[in-house]
Amino acid sequence: MSAISDSASAEIATPRTAKVVTRFAPSPTGYLHIGGARTALFNWLYAKRMGGTFLLRIEDTDRARSTQPAIDAILTSMRWLGLDWDGDAVFQFQRAGRHAEVAHQMVANGHAYRCYMTQDELAEMRAEAEAAKRPLRVRSPWRDRDPAEGGDKPYVVRLKAPTDGATTIVDQVQGSITVQNAELDDLILLRSDGTPTYMLAVVVDDHDMGVTHVIRGDDHLNNAFRQLPIITAMGWPEPVYAHVPMIHGPDGGKLSKRHGAVGVEHYRDELGMLPEAVDNYLLRLGWGHGDDEIISRAQAVEWFDLSGIGKSPSRFDIKKLENLNGHYIREADDARLADLVAGRCDPPLADAQRAVLEQAMPSLKPRAASLIELADGAQFLFRSRPLEIAPEAAPLLAGNASQLLAALHTALDALDRWDTESTESAVRQVAEDAGVKLGQVAQPLRVALTGRKTSPGIFDVLVLLGCDESLGRIADQIKN
């Protein structure tokens, strides 16, 4: 697992080679949301597919909103998803000196300038743009003035963006896109307090980290056109861009909390998802490989390519994720599931109980779509007598149920062997003797054994509980 660096460096010593280098660069202002997790996954997969390097950069320049708990949540979520990064994580704020160095270098070579415009002048420029119903594109009068005229007044450093011609990006997802340079503005590189802006920091860090492929959400597509002049001014190689469409809710609207736009830890803790299920679902959310739905990590690394990413927004469907999670639960190792579920039971299980839980997994997991359901389905194994009967199950103990339970108790108590075949034979014989269908016997038996209307197969339940516990629970529900 990758380490996290606490040391700042003026320039990251990553050699520029033909090797593919991708990066994931979250802002630690909150949890790692599902869209960010997919971006990280795509970057990780492409790097692995190409035999390259996957880097992590924490973009913590927003000091007011960046928090250590958010950083911890992002790193923990990435590790849970199995998205390990190469080398040390880079913290953007620690590199502010390097960002400023590049800005001053751009001023020196004529690709940036000191702008002494006041807030009032900017407000006037904004009002004129609004009156003309056009976007505000700052072309400062200081672009071609002698900065000495500004004296000791505060200033920002602005990019001297090109004004003629056009810029074309051949995006690996969106295709060829052209923007007229007249549409670009002279964006701020350094604020008046000397701190770098996001637009500058991203470009400098990507270059210094040797990033060759920028794979990110298409909400950053406009940023690419604004950032390219910085790259050109510094004479740096242009990265390959792949701007991935956003994730929408199932109704086609912007993904919100009601759709599932919550942190990755919510899927782990509150919904009981397995990381391989979340990975598989995110992979198929906007990327495809024929009709394949179940795709292992090894297959994903072998198959993933940028050409498989669709141009249209994908739709998040929690039901599909739950179904996929159910598949991975059925495929998961029983001991691993027992470890994951033991702490979710109420109260948490002791070691001896955990062993019982592992033994029960083959019977429990076919009915569960989440670890939450697994824990809930396993509770009957560890409940104390007499069982509390669920209100919806109580009617199944009415009528002739007590007589049937008494007959079952007698038949089961007479068995020489306690296994599924022997218990099934005994229960079927009781139903036959009573002249009723098997279900009419199995239903009150299930309630007596579990306190619920639903459970794993009733003969599996008998074996899992054992002879003494099963007979005791049946006896508790026989009315004298």
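Here is a walk through two pockets, one helix and one glycine of this structure. Keep in mind that the model is predicted.

Let's start with the empty space. Rolling a probe the size of a water molecule over the atoms shows where such space is left. In this model, the largest pocket holds about 960 Å³ of space. Its lining is made up of 32 residues, and those nearest the centre are H33, G35, G36, D219 and M246. If you want to find the walls by element, look for β1 (21–24), α1 (34–49), β9 (213–217) and β11 (247–248), which each give two or more residues to this lining. Helix α1 has the largest share, with six residues. What sort of residues are they across the whole lining of the largest pocket, counted as nonpolar, polar and charged? The split is 15 nonpolar, eleven polar and six charged.

Now move on to the second largest pocket, with about 300 Å³ of space. Here 19 residues form the lining, and D376, G377, R452, T454 and S455 sit closest to the centre. The helix to look for is α13 (residues 371–378), since the largest share of this lining, four residues, comes from there. Sorted by type, the lining of the second largest pocket has seven nonpolar, six polar and six charged residues.

Next, pick out helix α2, which runs over residues 68–80. From the first C-alpha to the last, its 13 residues reach 18 Å, close to the 18 Å expected at 1.5 Å a residue. Just at its N-terminal end, T67 acts as a cap: one of its side-chain oxygens lies 3.1 Å from the backbone nitrogen of A70. Just after the helix comes G82, with a positive phi of about 80 degrees.

Which residues of α2 are buried? They are A70, I71, A73, I74, L75, S77, M78 and W80. Try spotting the spacing along the chain, because in an α-helix, with 3.6 residues a turn, residues three or four places apart point the same way. The buried residues of α2 pack against quite a list of elements: β1, α1, β2 (53–58), β3 (90–91), α7 (264–269) and α8 (275–284). You have met two of these already, as β1 and α1 also help line the largest pocket.

Last stop: G439, in helix α16 (residues 438–450). Why does G439 count as partly exposed? Its relative accessibility is 36%, and partly exposed covers the range between under 20% for buried and over 50% for exposed. G439 and R428 are eleven residues apart along the chain, and their C-alpha atoms are separated by 9.7 Å.

Notes: Residues are numbered from 1 along each chain as its sequence is written. This is a predicted model: local features need pLDDT of at least 70, side-chain atom pairs count only at pLDDT 80 or more; totals for chains, interfaces and linings use all residues. Side-chain values use heavy atoms; hydrogens and water are left out. On a 1 Å grid over the protein atoms alone, a cavity is a set of points where a 1.4 Å probe fits but cannot get out, and a pocket is an open set with protein on both sides within 12 Å along at least five of seven lines; lining residues have an atom within 4 Å of a point. Grid points are joined across faces, edges and corners, and a volume is the space filled by probe spheres set on the points. Ala, Val, Leu, Ile, Met, Phe, Trp, Tyr, Cys and Pro count as nonpolar, Asp, Glu, Lys and Arg as charged, and the others, Gly among them, as polar. The expected span of a helix is 1.5 Å times one less than its number of residues. Buried means under 20% relative accessible area, exposed over 50%, partly exposed in between (1.4 Å probe, protein chains only). Contact means heavy atoms within 4.5 Å. A polar contact is a pair of N or O atoms within 3.5 Å; within protein, one must be able to donate a hydrogen and the other to accept it, and residues adjacent in sequence count only if both atoms are side-chain atoms.
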